[in-house]
Amino acid sequence: MKKILIVNASKRRNGNSYALEKRFMEQMEGKAEVMAFHIGEKDVRVCLACDGCKRQHTPNCVQKDDFTALIPEIDSCDAMLILAPVHWDQFPAQLKAFLDRTYSFMDFTQPDFSMAGRKDKKLAGYFFAGFGPVDVYTTMVETNLKSFATAGFSDYKAHVAGDANVPGSIMEKEENLKVADEVAEWLLA
Ligand SMILES: Cc1cc2nc3c(=O)[nH]c(=O)nc-3n(C[C@H](O)[C@H](O)[C@H](O)COP(=O)(O)O)c2cc1C
């Protein structure tokens, strides 16, 4: 059974990221082992840029927080799904901290700069925006997803659902739900 890690970076419990997470969980039941990591409720500190992780050649971090505890799950999963809002045209702050901390997978002694145990993992980013330009945000999300290659996510897909300010409104948007179904299928394949 595939192991899928969901990283939810919304603070709105009744919002769209959480609504889609619930739907994904139901769809994946019995088909994959799914673990959800709710960044908003976790202690994910900023990267100290101390290079302490470069003293070893397996993913590690000197900080003792919820990100460090998650490193083995990030390294061993088959796929990761990020569900998140767009904040000020960018990744929300907690998710950017999460991305920065994947520096703990970077290894300058390797030709591909990665000490990830697996480098064939899939990554999907499904984002929500209230009013901004979806095409611009899709490029922004893709640019950020690319950086997860260091942690072994070599294949990625991005989708941004616009006009999503109303909490839970995703559940009434057939087109966006269709894309969510395609994302779920791709992650499970
Ligand atoms: C601090 C903050 C900044 C935001 N910035 C943007 C933005 O730049 N562009 C945009 O379209 N929506 C912006 N929004 C709206 C959210 O992206 C939108 O409400 C989204 O659907 C929330 O996702 P959620 O329901 O999963 O929490 C912002 C919301 C907050 C709270």
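Ala, Val, Leu, Ile, Met, Phe, Trp, Tyr, Cys and Pro count as nonpolar, Asp, Glu, Lys and Arg as charged, and the others, Gly among them, as polar. The views below show a predicted model.

**View A. The largest pocket and its lining.**
The space in the largest pocket amounts to about 360 Å³. A total of 19 residues line this pocket, and those closest to its centre are Pro85, Val86, His87, Gly130 and Asn165. By class, the lining of the largest pocket comprises 8 nonpolar, 8 polar and 3 charged residues. Among the residues closest to the centre, Pro85 and Val86 are nonpolar, whereas His87, Gly130 and Asn165 are polar.

**View B. The largest cavity.**
The model holds 2 cavities of 30 Å³ or more. The volume of the largest cavity is about 90 Å³. Its lining includes residues Cys47, Leu48, Ala49, Cys50, Asp51 and Cys53. Cys61, Val62, Gln63, Arg101, Tyr103 and Ser104 also line the largest cavity. This lining has 8 nonpolar, 2 polar and 2 charged residues. Asp51 and Arg101 are the charged residues, and Gln63 and Ser104 are the polar ones.

**View C. The second largest cavity.**
A volume of about 30 Å³ is found for the second largest cavity. Phe128, Ala161, Gly162, Ala164, Ser169, Ile170, Lys173 and Asn176 form its lining. By class, these residues divide into 4 nonpolar, 3 polar and 1 charged. Lys173 is the charged residue, while Gly162, Ser169 and Asn176 are polar.

**View D. The packing of helix 1 against helix 5.**
Helix 1 spans residues 16-28 and helix 5 spans residues 174-188. The two helices pack at an angle of about 45°, and their axes are 11 Å apart. Angles under 35 degrees count as roughly parallel and those of 65 to 115 as roughly perpendicular; helix 1 and helix 5 are therefore oblique to each other. The crossing of helix 1 past helix 5 is right-handed.

**View E. Residues in contact between helix 1 and helix 5.**
On the side of helix 1, the contact is made by Leu20, Arg23, Phe24, Gln27 and Met28. These residues meet Leu177, Ala180, Asp181, Val183, Ala184, Leu187 and Leu188 of helix 5. The contact of helix 1 with helix 5 contains 9 nonpolar, 1 polar and 2 charged residues. Gln27 in helix 1 is the polar residue, and the charged residues are Arg23 in helix 1 and Asp181 in helix 5.

Conventions
Residues are numbered from 1 along each chain as its sequence is written. This is a predicted model: local features need pLDDT of at least 70, side-chain atom pairs count only at pLDDT 80 or more; totals for chains, interfaces and linings use all residues. Side-chain values use heavy atoms; hydrogens and water are left out. Axes are lines fitted to C-alpha atoms, for helices over the stretch in contact, and angles run from 0 to 180 degrees between N-to-C directions. Helices (H or I, at least four residues) and strands (E, at least two) are DSSP runs, numbered from the N terminus. Angles under 35 degrees count as roughly parallel, over 145 as roughly antiparallel, 65 to 115 as roughly perpendicular and the rest as oblique. A crossing is left-handed if the near helix is turned anticlockwise from the far one by less than a right angle, and right-handed if clockwise. Contact means heavy atoms within 4.5 Å. On a 1 Å grid over the protein atoms alone, a cavity is a set of points where a 1.4 Å probe fits but cannot get out, and a pocket is an open set with protein on both sides within 12 Å along at least five of seven lines; lining residues have an atom within 4 Å of a point. Grid points are joined across faces, edges and corners, and a volume is the space filled by probe spheres set on the points.
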